[in-house]
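Work through the exercises below with the sequence and the model side by side. Try each task before reading its solution.

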Amino acid sequence: PHIAEELFTGALREATLFDDLLRKVGGDRSTVERLIEYEKQLKPGVTRLTCLQNAIWRWERENK
């Protein structure tokens, strides 16, 4: 794959996950950003995409 394709694919994946988490928290963007920041504090150095994935996993686990 072309490098630009990889970048856009990652950005689209991140946007999709952000929207998913946004729906889960009832549309509150500040809550989404806090959840992402929390994950970043737990694992400094990970990507925003990973933080989003972890935040969704944690939210789903805690809100069954």
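The exercises go from the whole chain to single residues.

**Ground rules**

This is a predicted model: local features need pLDDT of at least 70, side-chain atom pairs count only at pLDDT 80 or more, and totals for chains, interfaces and linings use all residues. Residues are numbered from 1 along each chain as its sequence is written, and side-chain values use heavy atoms, with hydrogens and water left out.

**Exercise 1. Describe the fold and the confidence in it.**

Step 1. Count the elements. The chain has three helices and zero strands. Helices (H or I, at least four residues) and strands (E, at least two) are DSSP runs, numbered from the N terminus.

Step 2. Read the order. From the N terminus, the elements run α-α-α.

Step 3. Check the confidence. pLDDT is the predictor's confidence in each residue, from 0 to 100. The chain averages 92, and 95% of the residues score at least 70. Among the elements, α2 has the highest mean pLDDT, 97, and α1 the lowest, 87.

Step 4. Take the dimensions. Along the principal axes, the C-alpha atoms fill a box of roughly 40 × 25 × 20 Å.

**Exercise 2. Account for surface, burial and charge.**

Step 1. Start with the surface. The accessible surface comes to about 4,700 Å², and 56% of it belongs to carbon and sulfur atoms. These areas come from the Shrake-Rupley method with a 1.4 Å probe; for residues, only the protein chains shown count as cover.

Step 2. Turn to burial. Buried means under 20% relative accessible area, exposed over 50%, partly exposed in between (1.4 Å probe, protein chains only). Of the 64 residues in the chain, 22% are buried.

Step 3. Place the charges. Lys and Arg count as positive and Asp and Glu as negative, while His and the chain ends are not counted. Each charge is placed at NZ of Lys, CZ of Arg, CG of Asp or CD of Glu. The mean positions of the 11 positive and 11 negative charges are 5 Å apart.

**Exercise 3. Find the largest nonpolar core and the helices that build it.**

Step 1. Fix the term. A nonpolar core is a set of buried Ala, Val, Leu, Ile, Met, Phe, Trp, Tyr and Cys residues joined through side-chain atoms within 4.5 Å.

Step 2. List the members. The largest core has eleven residues: Leu17, Phe18, Leu21, Leu22, Val25, Val32, Ile36, Cys51, Leu52, Ala55 and Ile56.

Step 3. Assign them. The elements giving two or more residues to this core are α1 (3-24), α2 (29-42) and α3 (48-62).

Step 4. Follow one member. Contact means heavy atoms within 4.5 Å. Neighbours within four places in sequence aside, Ile56 is in contact with Leu17, Asp20, Leu21 and Lys24.

Step 5. Recall the background. In soluble globular proteins, nonpolar side chains tend to be buried together.

**Exercise 4. Is Glu39 buried or exposed, and which residues does Glu39 contact?**

Step 1. Locate Glu39. Glu39 lies in helix α2.

Step 2. Read the area. Glu39 is buried, because its relative accessible area is 4%.

Step 3. List the partners. Beyond neighbours within four places in sequence, Glu39 is in contact with Cys51, Asn54, Ala55 and Arg58.

Step 4. Look back from Arg58. Arg58 sits in helix α3. Not counting residues up to four places away in sequence, Arg58 touches Tyr38, Glu39 and Leu42. The C-alpha atoms of Arg58 and Glu39 are separated by 9.3 Å.

Step 5. Look back from Asn54. Asn54 is in helix α3. Its relative accessibility is 21%, so Asn54 counts as partly exposed. With neighbours within four places in sequence left aside, Asn54 is in contact with Glu39 and Lys43.

**Exercise 5. Work out the setting of Arg48.**

Step 1. Locate Arg48. Arg48 is found in helix α3.

Step 2. Classify Arg48. With a relative accessible area of 31%, Arg48 is partly exposed.

Step 3. List the contacts. Arg48 touches Glu14, Phe18, Glu33 and Ile36, not counting residues up to four places away in sequence.
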